[in-house]
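Reader: I've got a soft spot for ring-on-ring contacts, so could you walk me through that part closely and then show me what sits around it?

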Amino acid sequence: MKFKLTPYSHRAWLIEFSSDGFSKLLCQNILHLADVFRKSNHLWSEIVPAYDSLLLKLRPNIVRAEAEVIIRHILDDFKPSKTLTCADNITEIPVIYGGNYGPDLMHVAQEKRLSLDQVITLHSQNPYMICLMGFIPGFAFMSDTNSKLHIPRREQPRTIVPAGSVGLAGWQTGIYGLDSPGGWQIIGQTQLTLFDPDRDPPFLLKAGDWVRFVPQTTWS
């Protein structure tokens with residue numbers, strides 16, 4: 001794993017990894033590396049994995065130059081996996097597609113010259129790895145969709161997208177954890193609560209989990 005280590009601020013380091021586009025294997029290795037850094041958690045106030053980078057925010061008592069030495073040592077010792085591994089336990093996400101729950105399903109079907117059923121089948125037939133969490137609490141960014149579903153974000157974002165909405169944007173799919181403004185193409189919705197501050201843990205999903213969308217006709 002070739003990398004570039006850059007001061008992100010006076011309290012953080014950013015590790016950027018070389019890639020030729022999106023790679024689930026790279027994401028998996030970044031998540032494993034994040035776990036390695038967590039073993040020295042006295043150094044970091046926050047560890048933030050992304051598609052091709054890892055951000056390390058330092059605790060107030062840690063000197064940035066000293067942290068750099070430790071970071072480089074961990075990176076030099078890290079042995080990345082060469083094989084993508086799907087989790088044994090895949091979380092099933094029940095989804096009602098289309099209608100009021102998926103107001104952009106018809107648009108996606110028309111733009112991609114597919115039937116509604118074809119869009120649903122392509123979206124739900126394979127499991128996805130959650131690569132990172134953001135931009136709002138509980139929002140899960142997932143590994144690449146079938147190329148037939150790649151579609152740009154909406155030209156006009158919505159002011160409110162309901163929590164649980166399942167969307168497409170570019171080559172990605174994801175689920176909104178809260179009611180939020182958003183520009184993804186919404187094709188369905190789940191009734192699962194992805195974020196509940198009163199729950200322990202508050203997040204239903206986390207980076208590194210694998211999920212599968214399960215089409216539903218009604219809520220049971």
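Reader: How many aromatic pairs does the count come to here?

Author: The count comes to 10 aromatic pairs, where rings of Phe, Tyr and Trp (its six-membered ring) pair if their centres lie within 6.5 Å, and planes under 30 degrees apart count as stacked, over 60 as edge-to-face and the rest as tilted. Take Phe135 and Tyr176: their ring centres are 6.3 Å apart and their planes sit at 90°, so this pair is edge-to-face. It links distant parts of the chain, 41 residues apart. Phe135 is in the loop between strand 6 and strand 7 (140-142), while Tyr176 is in the loop between strand 10 (172-175) and strand 11 (180-182). Helices (H or I, at least four residues) and strands (E, at least two) are DSSP runs, numbered from the N terminus.

Before going further, keep in mind that this is a predicted model, with local features needing pLDDT of at least 70, side-chain atom pairs counting only at pLDDT 80 or more, and totals for chains, interfaces and linings using all residues. Residues are numbered from 1 along each chain as its sequence is written, and side-chain values use heavy atoms, with hydrogens and water left out.

Now for the surroundings of those two loops. Strands 6, 7 and 10 belong to a barrel that 7 strands close in the order 5-12-9-10-7-6-13, with mixed pairing; two strands pair if DSSP finds at least two bridges between them. Neighbouring strands in this barrel are turned by 40° against each other on average, direction ignored (axes are lines fitted to C-alpha atoms, for helices over the stretch in contact, and angles run from 0 to 180 degrees between N-to-C directions). Strand 10 runs antiparallel to strand 9 (residues 165-169), and 4 bridges join the two. In one of these, Gly167 has Gly174 in strand 10 as its partner.

Two helices pack on this barrel. Helix 4 (116-124) touches strands 5, 6, 9, 10, 12 and 13, and its direction makes about 155° with that of strand 13; contact means heavy atoms within 4.5 Å. Helix 3 (105-112) lies across strand 5 (90-97), strand 9 and strand 12, at about 125° to strand 12. In the loop between helix 3 and helix 4 you'll find Arg113, whose phi is near 55°, a positive value in a residue other than glycine. There's another backbone oddity to look at: the peptide bond from Asp200 to Pro201 is cis, with omega near 0°. Pro201 is in the loop between strand 12 (185-189) and strand 13 (210-216).

Elsewhere, 4 strands form an open sheet in the order 1-2-4-3, with antiparallel pairing. Its edge strands are strand 1 (3-9) and strand 3 (44-49), each pairing on one side only. Neighbouring strands here are turned by 15° on average, direction ignored. Strand 1 is joined to strand 2 (residues 12-17) by 6 bridges, and Pro7 stands opposite Trp13. Helix 2 (residues 64-77) lies across strands 1, 2, 3 and 4, at about 30° to strand 2.

Strand 6 also turns up at the largest pocket, since it gives two or more residues to the lining, as do helix 1 (24-38) and strand 3. Helix 1 gives the most, with 5 residues. The lining has 26 residues, and Leu31, Arg38, Lys206, Ala207 and Gly208 lie nearest the pocket's centre. On a 1 Å grid over the protein atoms alone, a pocket is an open set of points where a 1.4 Å probe fits, with protein on both sides within 12 Å along at least five of seven lines, and lining residues have an atom within 4 Å of a point.
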